[in-house]
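Reader: Mind if I quiz you on this one? I'd like to hear the reasoning behind the labels.

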Amino acid sequence: MRQPAQGQLGSTGEDRVSADFGDLGWGRGKAPESDVGTDLFLLARDNRLFDVGLVVGAQVKTGRSFFRAPESDKDGAVVGWWYLDGRRKHIDYWLGHALPHLLVLHDPDTKISYWVHVTPEAVVPTRVGHRTAKGAKILVPKANTVSVECRDALLAVAATLRPPSPWEGSAWTGARDLAPADQLRHALVVPRLVAPHRNTGVSRPITAAQMVALLTELRLHDVERFAEAHEEVPDPDTAGQVEDWTWRFAGAFTHRIRTGSADQLLGLVEDAPDPPSRSAAAVAAAAALLEQTRAREARQLLDDVLARDDNLPVDHAWLRVQHARACIELGDLHGARSSAVEAQQARLTNADDPTATAIAGVAAILLFRTADLRTGDVGQAVSGMDTLAFWWRYQRIATGAISVIEREFSEWAVEGPRRVALIDTDPGDGRLVGACLLASHAGDQPGWRALQSLYHRQELLRTDRGTDPAEVCDLLCGLWLSGDHKAVESAVLRFVSDGPAIAVRSVAALIDFGRLTSTTTMATLTLLRLAGDLLDQGTANRALRWLLSNLNAPTSTADSRYPRRPPEREFVRAISSVLQAASSGEQKAVVQGFVVREQPPDLGLAEAWRDAISRLPASAWADQPAELIRTIAAGQPNALRLLLLRIAAIELGDATAHDLLFGEIGTNPVGVLMAAGRFRALPDAAASELVDGLESRVRDEIENARAGSHGFGGADLGELLTKANLVYPEHARWDTVLELLAEDRVLSSKKSGVCAVLSWAVDELDGPVRECLAEIIPGVLAQPTWFDDQLTGQPSAHGAAAQLAASLSEDRAEIERLLGDLLAGGRDQQVWAAHLVLTLGAPTAAGMLAVLSRAAHPAIRASAAAGLARVVAATGDHLAQVALHQCLRDTGTKVPKAILDGLSGVDRAALPVDVLTELSSHCSARVRSEAMRLLGNLS
């Protein structure tokens with residue numbers, strides 16, 4: 001008998017489609033003849049040919065007749081073909097089937113098969129002619145081919161079979177019927193589904209996987225209770241000696257929790273009895289390594305385990321997302337994105353597994369962060385965070401935060417009753433650390449960073465300048481590891497200024513500059529920039545070598561992908577801070593690194609280089625020809641050009657550079673003064689030009705203020721003109737200075753520097769100037785300051801004006817009134833109270849300064865310490881000496897620096913040698929240098 005042509009075509013089409021799915025590695029079988037709506041049953045497999053336990057039905061339509069209803073885009077290009085079902089009996093059959101169904105159109109001419117997932121959303125209702133019966137149609141997209149390119153989309157269709165799992169109530173019941181191969185992964189990523197609820201008691205022994213889940217939740221006390229209650233449950237600290245591998249893993253994980261070390265976990269990877277165990281050990285070890293900036297070791301470990309290619313699909317995705325995390329830390333964006341794409345498949349094939357959705361979600365976030373801002377899929381990233389694991393993690397964060405708030409309030413309300421827990425509860429600290437672990441095990445580096453920072457910030461709130469430096473070092477190190485450079489900045493500023501500053505030095509000494517990652521690089525630059533002079537010489541030298549090596553590394557400020565390499569100016573700003581603590585050889589290397597630059601820096605980078613070069617000692621330039629420095633200066637932005645001319649002129653004695661520099665003093669007085677560093681002896685004509693130029697700019701500032709325009713930043717022009725008037729009295733323009741102080745529309749903060757300079761130089765002023773000041777200063781004191789606070793954030797002139805008023809007055813009662821106002825004011829005014837009290841004489845000043853030197857804020861203590869140093873140098877007052885030696889014990893750097901500032905203008909014969917000797921061994925290189933300079937003046 002002869003086979004009908006259409007039947008032959010249909011059979012051939014089914015065979016072709018079946019072969020296409022076979023090329024994908026999918027299993028396939030023909031439907032029984034009694035199934036009239038399904039031609040093939042397809043067993044889905046992932047790209048590694050692992051069966052994912054999903055089945056899809058397919059109906060195959062073969063022949064050109066099924067391509068007669070094309071759909072085109074606005075340009076006329078075919079985008080697909082409509083399949084028409086006049087009475088929708090086929091479509092309704094596929095929609096009602098227990099299995100997800102594909103409609104496949106096979107083109108016998110091109111041998112290409114096109115498919116569509118039959119869903120209610122894809123079906124479009126139609127009418128058949130003028131009859132009332134309704135039909136339907138569905139578009140089969142041209143882009144949907146049965147090919148490798150559409151593998152993920154086909155897997156997503158297969159995954160629609162599984163109904164959502166009922167997770168409500170799982171806090172008590174956990175995950176029912178969890179396969180042994182999945183238990184460790186769940187214990188490390190979603191431990192609440194494995195760990196017994198704390199209210200279930202300890203009547204039943206726990207398994208090793210349950211111990212791991214309890215440890216992940218930081219419930220170490222509960223683990224110990226189970227070990228005490230059941231002989232078959234080993235103690236967590238000795239579980240590593242048990243023969244069973246899973247118990248040994250629990251023991252190694254306990255060691256990781258207690259010490260942060262991955263070493264014991266690493267030893268278990270090769271010994272693992274099966275691929276799921278190996279995957280869990282590798283991920284736990286890699287997470288610990290990544291938290292300690294050992295990203296290269298973590299990536300190599302993950303590469304080795306992935307190379308075996310025997311991991312279950314979700315475990316493979318788990319390893320891949322950790323691999324992507326390691327690649328990100330090493331700056332390998334291509335490798336990170338490649339691994340993240342693979343990890344996302346876990347959601348397609350295991351949508352009911354909360355660990356799979358967590359892993360895929362983290363991968364989606366990573367892909368978004370590493371994509372160009374114009375192409376990143378925001379919806380995919382938001383969906384990635386909207387997972388069960390993410391919700392459960394933030395439940396722990398919320399309960400941890402509540403616990404911390406309750407603890408802090410209890411400690412604050414010391415007179416109130418302390419709440420006694422009736423049942424064993426985890427402290428808030430443990431919940432936050434546990435949330436850190438969950439983020440780390442899921443491969444969520446941004447989540448881990450945020451939680452790591454949060455925990456260490458709340459712990460740092462409980463420290464002060466009297467805290468053990470070792471404890472502060474540990475907490476600061478944890479904050480640094482989080483990469484939260486803004487929090488590092490705030491914390492380092494606090495400890496450098498207020499103490500214990502030595503803790504910051506200890507953190508810097510622990511940094512391995514060869515192991516820095518994308519997370520820790522900016523935090524390292526921040527720490528070096530703010531505390532560079534605290535480094536010991538060895539650390540400073542290592543830091544400088546690392547910083548210099550990065551100056552020539554390629555970077556692109558236009559690259560919006562994450563993580564972005566810090567701009568070059570951040571490295572130069574760090575160099576500027578570290579210079580003083582480094583050896584002379586490394587300082588010369590910085591000079592050489594600048595000299596050999598091929599292109600002049602942009603304005604921001606030039607400003608950073610100007611600051612760094614200004615801090616270099618003259619000896620660092622000894623090997624450089626003056627002519628070369630002068631030549632380099634010619635091509636630099638203005639501020640850097642002038643500084644280089646000063647170096648060539650002053651440090652290297654180049655007369656041409658001297659003439660070029662000071663020849664601009666009339667047209668650019670501020671720039672020349674900033675470059676020169678201080679007022680110098682100038683010829684009469686040059687001095688006149690300097691004062692005239694400064695006066696012109698101050699008058700512009702006054703007129704702008706009258707017009708309602710206020711400039712911010714830059715040099716204090718009024719202060720510079722006041723100093724120039726004092727240095728060059730024959731060219732003084734006091735009328736402009738007085739006009740600045742008298743003008744109410746000039747911001748109070750713009751007058752502070754003028755008042756401060758004048759308060760220390762009252763005796764050098766002519767009688768008429770003193771009389772005018774005595775009339776003007778009450779108005780400065782009465783000037784409202786809210787505008788300064790709102791607009792500039794700078795301190796007003798109130799404190800400096802009070803100091804000037806006291807210096808001009810001979811009425812002790814008036815001075816005491818001014819002092820009382822300052823003491824009752826804010827921090828900035830109390831700082832000035834320590835200056836003003838010196839006008840009351842040694843006995844009174846010593847007593848008040850001794851009290852202020854114990855203030856909570858370092859700025860007030862520093863101001864008092866500077867005053868005590870002056871009293872000791874001037875009178876040798878015993879109380880002042882005792883108080884000053886107490887100040888030397890201050891653990892920050894602000895107070896010792898202020899002491900040296902207070903002694904800088906003192907006559908050599910009056911300098912306290914014992915004070916300077918003690919400061920000459922301070923942890924700050926700047927303090928040591930200044931103390932030794934003053935000691936050198938004595939010899």
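Reader: What percentage of the residues of the protein chain count as buried?

Author: Bear in mind that this is a predicted model. Of the 939 residues in the protein chain, 53% count as buried. The chain has 46 helices and 9 strands. Among its contacts between residues at least 6 apart in sequence, 66% join residues at least 24 apart.

Reader: Okay, helices then. Why is H12 called roughly parallel to H15?

Author: It's down to the angle. The axes of H12 (residues 313–329) and H15 (residues 354–370) come within 10 Å and cross at roughly 30°. Angles under 35 degrees count as roughly parallel, so that's the label H12 and H15 get. As for handedness, the crossing of H12 and H15 is left-handed.

Reader: Which residues make the contact?

Author: On the H12 side you've got Val314, Ala317, Trp318, Val321, Ala324, Arg325 and Ile328. H15 brings Thr355, Ala356, Ile359, Val362, Ala363, Leu366 and Thr370. Sorted by class, the contact comes to 11 nonpolar, 2 polar and 1 charged residues.

Reader: What makes H33 largely enclosed by the rest of the structure?

Author: Just count: H33 spans residues 717–727, and 8 of its 11 residues are buried, so the helix is largely enclosed. The buried ones are Leu717, Gly718, Leu720, Leu721, Thr722, Ala724, Asn725 and Leu726. Their cover includes H31 (669–676), H32 (684–706), H34 (734–742) and H35 (752–759).

Reader: How do you know that Leu432 counts as buried?

Author: Leu432 has 3% relative accessibility, and buried means under 20%, so Leu432 counts as buried. This residue lies in H18 (residues 428–441). Leaving out residues up to four places away in sequence, Leu432 touches Ile397, Val404, Leu454, Tyr455 and Gln458. The C-alpha atoms of Leu432 and Arg396 are 7.0 Å apart, though 36 residues separate the two along the chain.

Reader: And the cysteines: is Cys887 buried or exposed?

Author: Cys887 is buried, since its relative accessible area is 6% and the cut-off is under 20%. Cys923 is buried too, with a relative accessible area of 14%.

Reader: How many disulfides does the count come to?

Author: The count comes to 0 disulfides. The rule asks for a pair of cysteine sulfur atoms within 2.5 Å, so a count of 0 says that no pair passes that test.

Methods:
Residues numbered from 1 in each chain as written. Predicted model: local features only at pLDDT ≥ 70, side-chain atom pairs only at ≥ 80, totals over all residues. Heavy atoms only, no water. Axes fitted to C-alpha atoms, helices over the stretch in contact; angles between N-to-C directions. Helix = DSSP H or I, 4+ residues; strand = E, 2+ residues; numbered from the N terminus. Parallel < 35°, antiparallel > 145°, perpendicular 65-115°, else oblique. Left-handed = near helix turned anticlockwise from the far one by under 90°. Contact = heavy atoms within 4.5 Å. Nonpolar A, V, L, I, M, F, W, Y, C, P; charged D, E, K, R; others polar. Buried < 20%, exposed > 50% of the residue type's maximum accessible area, 1.4 Å probe, protein only.
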